[in-house]
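Student: I should like to take a close look at a single part of this structure. Could we begin once the model is on display?

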Amino acid sequence: MRISTWNVNSVKQRVPRLLPWLDQRAPDVVCLQELKLTEEAFGELLGAELEARGYAWAALGEKSWNGVAILSRVGLEDVEAGLAGGPGFPHQEARALAATCGGVRVHSLYVPNGRVPDSDHYAYKLEWLEALREAIAKGPADAVVCGDMNIAPADADVFDPAAYVGHTHVTPPERNALNALVGLGLRDVVRERWPDQQVFTYWDYRAGMFHKNLGMRIDLILATAPVADRVRAAWVDRQARKGTGPSDHAPVMVDLDTAPDGDIGPMIPPPSAGAPRGRAKLPQSE
DNA sequence: ATGCCTGAAGGGTTCAGA
């Protein structure tokens, strides 16, 4: 089972990249963030395209900002929108969505940015992370916490730690909040796979940051032990950050082996005969 | 120059992102 997470920075703008990527990478489960539209608009925009590819989907959106979704072709059950008891700014934003896919509880998350340390938004970020920890603590033993965490777990996860001193994403309270979540027994499967390599998932659009590989690793897949033990590959799909019209984030990908009991979830019928089947090409520039 | 791109809202520019 292939699980991925991708902050698409406006799904409407990203359709020309998202659909070919689905065809080429063939993920079984996709967590999306920063839809920047309502779930109704998401359905109008992509529902038919997703269903033609065999994906069930759930979305939690709002106009203009935020928005998360889960796509799955290995079942999509017990969908839960939002964080129970979580804070708002001031209203509860569209930042959390969970569903059970192929026997795994999947969370698609867009953690608040924080903006400036010690700001109201920063306090909101920390409160939100605590509410997330409480929600995950209640969850089943087989779970993945996927998304844009807006925290670089360690100095190795930013291109220049000195440049980030005093900025969000690297402050001790943010990292402590992430560690409290990880302390529930989650494992950062990409870092486990690439313990010493420089791995980034986000590069600023400006100043050729991607081309110079000056980025951050803030998009994570955290897995409980039973799921982490099944990981056979974990990587960042940098190809999706190249070319024309990319998001500023790249997808994070994990391949899981079959569960020990061999049950990867309900059988899903294949796409209907008339559905698009092509393997569109990603842009080949750079 | 220190918000260098990009996206969204909605109004002729501003905010947000990380």
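Student: Which elements do the buried residues of α3 pack against?

Tutor: Please bear in mind that this is a predicted model. The buried residues of α3 pack against two strands, β7 (104–110) and β8 (143–148), and against the helix α5 (172–182).

Let us look at the helix itself. Helix α3 runs over residues 120–137, 18 residues in all. From its first C-alpha to its last it reaches 26 Å, close to the 26 Å expected at 1.5 Å a residue. Its buried residues are Tyr124, Lys125, Trp128, Leu129, Leu132, Ala135 and Ile136. These residues lie on the same side of α3, because they cover an arc of only 140° around the axis. On the face turned away from that buried side, α3 carries the exposed residues Asp120 and Ala137.

Helix α3 also has a place in the nonpolar core. In soluble globular proteins, nonpolar side chains tend to be buried together. Here the largest nonpolar core has 82 residues, and those that touch the most other members are Val68, Ala69, Ile70, Val106, Val144 and Ile221. The largest share of this core, six residues, comes from α3. As for Ile221, leaving aside its neighbours within four places in sequence, its contacts are Ile3, Thr5, Val144, Cys146, Val189, Val190, Val252 and Val254.

Ala69, another residue named in the core, leads to the sheet. Six strands form an open sheet with mixed pairing, in the order β3-β4-β2-β1-β12-β11. Its edge strands, each pairing on one side only, are β3 (56–60) and β11 (231–236). From one strand to the next, the twist averages 10°. Within this sheet, β2 (residues 29–33) and β4 (residues 68–72) pair in the antiparallel sense over five bridges. Ala69 of β4 is the bridge partner of Leu32. Helix α2 (residues 39–52) packs on the sheet, where it touches β3 and β4, and its direction makes about 165° with that of β3.

Leu32 is also in contact with Val11, a residue of helix α1 (residues 11–25). Val11 counts as buried because 24 other C-beta atoms lie within 10 Å, and 20 or more suffice for that description. Its contacts beyond four places in sequence further include Leu18, Phe42 and Leu45. Val11 and Leu45 are 34 residues apart in sequence, yet 8.9 Å apart in space, C-alpha to C-alpha.

Notes:
Residues numbered from 1 in each chain as written. Chains lettered and ligands numbered in written order. Predicted model: local features only at pLDDT ≥ 70, side-chain atom pairs only at ≥ 80, totals over all residues. Helix = DSSP H or I, 4+ residues; strand = E, 2+ residues; numbered from the N terminus. Expected span 1.5 Å × (residues − 1). Buried ≥ 20, exposed ≤ 12 C-beta atoms within 10 Å, placed from the backbone. Arc of directions from axis to C-beta. Contact = placed C-beta atoms within 7 Å. Pairing = 2+ DSSP bridges. Axes fitted to C-alpha atoms, helices over the stretch in contact; angles between N-to-C directions. Core = buried A, V, L, I, M, F, W, Y, C linked by C-beta atoms within 7 Å.
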